[in-house]
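Grab the sequence and the 3D view, and let's work through a few exercises together. Try each task yourself before you read the solution.

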Amino acid sequence: MNLLFHQREQILQQMEQIKRMERGSLQAEKRPSVRHPDEGRGPYYKHQVWENGQNLTRRVPPEQADTLAQAIDGRKEFERLASAFVDATVLLTRAEASPGVK
């Protein structure tokens with residue numbers, strides 16, 4: 001049981017290290033060039049997020065794309081850690097509910 005307590009504390013510490021989060025996804029796209037058909041223009045970045053029952057899309061300047069991508073990765077990592085925290089807590093709850101059962 002001490003192992004589960006320790007695991008939960010580690011997960012919380014990892015969650016605390018995540019400083020930025022953003023919902024949605026980020027896509028890079030290139031557009032065909034009229035002057036140079038073999039070369040694409042871009043990349044252009046599009047941030048999509050589901051809010052209030054709608055899929056909202058906004059354009060993102062190239063200089064902000066990396067920061068936004070890191071924030072999206074931060075949210076995904078937080079969600080992964082939250083799931084691991086729930087799993088550890090469930091195991092801990094079950095262990096406390098039946099201390100004699102292995």
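**Warm-up: a loop residue**

Gln17 counts as exposed, at 57% relative accessibility (buried means under 20% relative accessible area, exposed over 50%, partly exposed in between, with a 1.4 Å probe and protein chains only). Before going on, note that this is a predicted model, where local features need pLDDT of at least 70, side-chain atom pairs count only at pLDDT 80 or more, and totals for chains, interfaces and linings use all residues. Residues are numbered from 1 along each chain as its sequence is written, and side-chain values use heavy atoms, with hydrogens and water left out.

**Exercise 1.** Find where Gln17 sits in the chain.

*Solution.* Start with the elements: helices (H or I, at least four residues) and strands (E, at least two) are DSSP runs, numbered from the N terminus. Gln17 falls in the loop between H1 and strand E1 (25-32). Now look across the fold: Gly74 is 57 residues away in sequence, yet the two C-alpha atoms are 9.6 Å apart.

**Exercise 2.** Work out how the strands are arranged in the sheet.

*Solution.* Take the pairs one by one; two strands pair if DSSP finds at least two bridges between them.

- E1 and E2 (residues 40-51) pair antiparallel over seven bridges. Ser25 stands opposite Gln48 in E2, and Gln27 has Lys46 as its bridge partner there.
- E2 and E3 also run antiparallel, joined by seven bridges. Here Tyr45 stands opposite Val60 in E3.
- In the hairpin of E2 and E3, two residues lie between the strands, and Asn52 takes a positive phi near 50°.

Put together, the three strands form an open antiparallel sheet in the order E1-E2-E3. E1 and E3 are the edge strands, each pairing on one side only.

**Exercise 3.** Check whether Arg8 is buried or exposed, and look for a salt bridge.

*Solution.* First place it: Arg8 is in helix H1 (residues 2-16). Arg8 is buried and has no salt bridge (a side-chain nitrogen of Lys or Arg within 4 Å of a carboxyl oxygen of Asp or Glu). The nearest side chain of opposite charge, Glu9, is 5.5 Å away (Lys and Arg count as positive, Asp and Glu as negative; His and the chain ends are not counted). Beyond its neighbours within four places in sequence, Arg8 is in contact (heavy atoms within 4.5 Å) with Phe85, Ala88, Thr89 and Leu92.

**Exercise 4.** Describe the surroundings of Pro61.

*Solution.* Pro61 lies in the loop between strand E3 (54-60) and helix H2 (62-97). With a relative accessible area of 30%, Pro61 is partly exposed.
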